[in-house]
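The following paragraphs offer a guided reading of one structure for a reader who has not met it before. Please keep the sequence and the structure in view while following the text.

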Amino acid sequence: MDCPENCELLSVAHDEWVASVQFSADGTKVLSGCGNGTASLCDIRSGQREVTLRGHSDEVREAMYGNGLERRAVTVSSDTTAQVWDLRRGEELETFRGHTGEARCCSVSDETLATGEMEGSLRTWLMPL
């Protein structure tokens, strides 16, 4: 794959399409959600994948840092769930179930997670500490 002059192609490849990306606050890492049901944390300087988050049974539609802390991540998936992750250990901390359709987007504010689904509902959840 070619990249224009003002572009740099990361050497980390996903098995399927990438649905979302978010930079860390210091700009050294990228958190991405993928069509194969995983999310990945990659170092952009080395191009190395540091953590792969596995737990969804369908596409990860959005992956983002949680609670303003870069040690946590939140993912939402077409499998109707949202999951909270410990990025240091790559472990799932909690799974939120309740959507009846594909969970498509999320936002985190302090102790609250908001998720939206394809069918139009919006839900809020208390984030684990």
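A convenient place to begin is Gly116, which stands opposite Leu122 in strand 11. The model in which this pairing is found is a predicted one. The two strands concerned are strand 10, residues 112–117, and strand 11, residues 122–126; they run antiparallel and are joined by five bridges. Together, strand 10 and strand 11 form a hairpin, with four residues between them. Within the turn of this hairpin, Gly120 has a positive phi of about 105°.

Strand 11 also leads to an aromatic residue, Trp125. The structure holds one aromatic pair. Its members are Phe96 and Trp125, whose ring centres lie 5.0 Å apart; because their planes meet at 35°, the pair is classed as tilted. Phe96 belongs to strand 8 (residues 91–96) and Trp125 to strand 11, so the pair ties together parts that are 29 residues apart in sequence. Both Phe96 and Trp125 are buried. With neighbours within four places in sequence left aside, the contacts of Trp125 comprise Phe96, Arg97, Gly98 and His99, together with Glu111, Thr112, Leu113 and Thr115.

Which residues make up the largest nonpolar core? This core has 12 residues in all, and both members of the aromatic pair, Phe96 and Trp125, are among them. The others are Met64, Val74, Val76, Ala82, Val84, Ala103, Cys106, Val108, Leu113 and Met127. At least two residues of this core are supplied by each of strand 6 (69–77), strand 7 (82–86) and strand 9 (103–109). Strand 9 provides the largest share, namely three residues. There is also a second, separate core of 11 residues, including Val51, Val60, Ala63 and Ala73.

A final point of interest is a glycine in another part of the chain. Where does Gly35 lie? Gly35 is found in the loop between strand 2 (29–34) and strand 3 (38–43). Is this loop residue, Gly35, buried or exposed? Gly35 counts as buried because its relative accessibility is 9%, and the limit for a buried residue is under 20%. Apart from residues up to four places away in sequence, Gly35 touches Glu16, Trp17 and Glu59. Gly35 and Ala19 are 16 residues apart along the chain, and their C-alpha atoms are separated by 6.7 Å.

Methods:
Residues numbered from 1 in each chain as written. Predicted model: local features only at pLDDT ≥ 70, side-chain atom pairs only at ≥ 80, totals over all residues. Heavy atoms only, no water. Core = buried A, V, L, I, M, F, W, Y, C linked by side-chain atoms within 4.5 Å. Buried < 20%, exposed > 50% of the residue type's maximum accessible area, 1.4 Å probe, protein only. Contact = heavy atoms within 4.5 Å. Pairing = 2+ DSSP bridges. Phe/Tyr/Trp six-rings, centres within 6.5 Å; stacked < 30°, edge-to-face > 60°.
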